[in-house]
Amino acid sequence: MLGIIGAMDIEINSIKKKITSPAVTKIAGCEFVCGCIGSVGVCVVQCNPGKVNAALCTQALLDRFHADKIINIGVGCSLCDDLAVKTIVIADDVCQYDIDITALGEPRGYINGLNEIKIKTCPQITDRLAEIAVRSGEKIRRGTVASGDTFIADKAQKEFIHKSFGALCGEMEGAAVGHVCRANGVDFAVLRSISDGGDETAPFDYTAFKKIAAEKSTAIILKYIESEKVQLELF
């Protein structure tokens, strides 16, 4: 079972519409829509923005629906000047920029329990997403995606996160998904389409471009599912 998580309806509605004979289960206020797209079993959920929301839905996908891999899709902001709106970012790893226990001697972003700062995504899923995006004519970048419970709209904060973690993209869910998956030993990937520049103009750009950006990430995940279908039919 492939679990797909998006924070907003525009990120997942078109995927849900592709599911045949959907079964809807409500858990903690979220709707989990399960069924098949072609021959591929999927469960799709809108988690709502934020790390706790994303973590809650990730654990439910693992415990209740037995997802064996999870892909988090959606939009995010650029954290570097050469990353334009509508570029696709595919995470090689994820981090949580708002974890700060530096007063106790740990580096910024250090995750107690996992004992690491950056959580690596599944290279096989990530490579396939990148290949699909390139074949689709998209401009892509690969690197670190940084998550925190803030809509980034400040140039100084943007520059700080980029400098601290080398992150390309900022958003509010991916590293929480990765944290839960890593703790459970489950493969995951994070795909983002850039909606804004993460500076003072971000609220305006986000409003203007979020739908277009979300459609790009959705199109890629649907093609990924189609490639899964082909593999299942081959074997």
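How many aromatic pairs does a search of the whole structure find? In this predicted model, the search turns up 2. The legends below start with the overall fold and then zoom in on each pair.

**View 1. The whole chain, with 6 helices and 10 strands.** For 235 residues, a compact globule would come out with a radius of gyration near 18 Å, and the chain agrees with that at 17 Å. Its C-alpha atoms fill a box of roughly 50 × 40 × 35 Å along the principal axes. Of the 235 residues, 52% are buried. Among contacts with a separation of 6 or more, 76% join residues 24 or more positions apart.

**View 2. Phe 32 and Phe 65, a stacked pair.** The ring centres sit 5.2 Å apart and the planes meet at 25 degrees; stacked means under 30 degrees, so this pair makes the cut. Phe 32 belongs to strand 3 (residues 30-37), while Phe 65 lies in the loop between helix 2 (51-63) and strand 5 (69-78). That's 33 residues apart, so to speak a link between distant parts of the chain. Both rings' residues, Phe 32 and Phe 65, are buried.

**View 3. Phe 151 and Tyr 206, an edge-to-face pair.** Here the centres are again listed at 5.2 Å, with 75 degrees between the planes. Phe 151 comes from the loop between strand 8 (140-147) and helix 4 (155-165), and Tyr 206 from helix 6 (residues 202-234), 55 residues apart. Phe 151 is partly exposed, at 37% relative accessible area, whereas Tyr 206 is buried at 18%.

Notes
Residues numbered from 1 in each chain as written. Predicted model: local features only at pLDDT ≥ 70, side-chain atom pairs only at ≥ 80, totals over all residues. Heavy atoms only, no water. Helix = DSSP H or I, 4+ residues; strand = E, 2+ residues; numbered from the N terminus. Rg over C-alpha atoms; globule rule 2.2 N^0.38 Å. Buried < 20%, exposed > 50% of the residue type's maximum accessible area, 1.4 Å probe, protein only. Contact = heavy atoms within 4.5 Å. Phe/Tyr/Trp six-rings, centres within 6.5 Å; stacked < 30°, edge-to-face > 60°.
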